[in-house]
Amino acid sequence: MPWARIPADKLIHLPLFGIDIIADDGDFVWMRGPSGRMRVNKLMPRIWFESVEDAMQAGAVGIRIHSEADRSELKELEERLAKEADASEESQSGER
């Protein structure tokens, strides 16, 4: 399970990733997610995610990898994105 830094304005989207906001006291938000309850500083949110892909989709600006499984997932995602980018470039050059 990686943790990721996300922009504060993305906190409202966390329920899409199974992370529920329990309470908000202004400076901090209490959340319930895959690693249990979390107290998150709203100025510099760092959130635990189930997967690297979830963290990326949530708009992470930095992801900390903690396991070999996370590292493998990140490598697979990078390879998939590179293939998609290549396919997109080929289709655009074929249309010209």
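**Note on the salt bridges, strands and selected residues of this model**

1. At a relative accessibility of 28%, Glu 53 falls in the partly exposed class, and this residue serves here as the way into the structure, which is a predicted model. Glu 53 makes a salt bridge to Arg 80, in which the closest N and O atoms lie 3.4 Å apart. This contact joins distant parts of the chain, since Glu 53 belongs to helix H1 whereas Arg 80 belongs to helix H2, with their positions 27 residues apart in sequence. Arg 80 is likewise partly exposed, its relative accessible area being 39%.

2. Arg 80 has a further partner in Glu 84, and in this salt bridge the closest N and O atoms are 3.7 Å apart. Glu 84 and Arg 80 are separated by about one helical turn, because they stand four residues apart in helix H2. Glu 84 is partly exposed as well, with a relative accessible area of 45%. Taken together, Glu 53, Arg 80 and Glu 84 make up a network of linked salt bridges.

3. How many salt bridges does a search of the whole structure find? The search returns four, and one of them brings together the side chains of Glu 68 and Arg 71, with 3.5 Å from N to O. Both of these residues lie in helix H2, where they are three residues apart, or about one turn of the helix. Glu 68 counts as exposed at 52% relative accessibility, whereas Arg 71 is partly exposed, with a relative accessible area of 46%.

4. Asp 70, which is also found in helix H2 (residues 68-95), deserves a separate remark. This residue is buried and yet has no salt bridge, for the nearest side chain of opposite charge, that of Arg 71, is 8.2 Å away. A salt bridge would need a side-chain nitrogen within 4 Å of a carboxyl oxygen, so the distance of 8.2 Å to Arg 71 leaves Asp 70 without one. Leaving aside residues up to four places away in sequence, Asp 70 touches Met 1, Pro 2, Val 52 and Ile 65.

5. The strands S2, S3 and S4 can be read as a series of pairings. Strand S2 (residues 20-24) runs antiparallel to S3, and four bridges connect the two; among the residues concerned, Asp 24 has Val 29 of S3 as its bridge partner. Three residues separate S2 from S3 in the hairpin that they form, and in its turn Gly 26 shows a positive phi of about 105°. S3 pairs in turn with strand S4 (residues 36-41), again in the antiparallel sense, over six bridges, and here Trp 30 has Arg 39 of S4 as its bridge partner. The hairpin that joins S3 to S4 passes through two residues.

6. Which side chains of strand S3 (residues 28-33) are buried, and which are not? Val 29, Met 31 and Gly 33 point to one face and are buried, while Phe 28, Trp 30 and Arg 32 point to the other face and are not. Such a pattern is expected in general, because the side chains of a regular strand alternate between the two faces of the sheet. At Phe 28 there is also a contact with a charge, as the charged end of Arg 39 sits over the ring, 3.7 Å from its centre.

7. Ala 23, a residue of strand S2, is partly exposed with a relative accessible area of 33%. Apart from residues up to four places away in sequence, Ala 23 touches Phe 28, Val 29 and Trp 30. Ala 23 and Gln 92, by contrast, stand 69 residues apart in sequence and 47 Å apart in space, counted from C-alpha to C-alpha.

8. The count of aromatic pairs comes to one. In this pair the rings of Phe 17 and Phe 49 meet edge-to-face, at 6.2 Å centre to centre and with 80° between the planes. Distant parts of the chain are linked by it, for Phe 17 lies in the loop between strand S1 (3-5) and S2, and Phe 49 lies in the loop between strand S5 (46-48) and helix H1 (52-57), the two residues being 32 residues apart. Phe 17 is buried at a relative accessible area of 16%, and Phe 49 is buried at 0%. Both values meet the definition of buried, because each of them is under 20%.

Methods. Residues numbered from 1 in each chain as written. Predicted model: local features only at pLDDT ≥ 70, side-chain atom pairs only at ≥ 80, totals over all residues. Heavy atoms only, no water. Buried < 20%, exposed > 50% of the residue type's maximum accessible area, 1.4 Å probe, protein only. Lys, Arg positive; Asp, Glu negative; His and termini not counted. Contact = heavy atoms within 4.5 Å. Pairing = 2+ DSSP bridges. Phe/Tyr/Trp six-rings, centres within 6.5 Å; stacked < 30°, edge-to-face > 60°. Lys NZ or Arg CZ within 6 Å of the ring centre and 35° of its normal.
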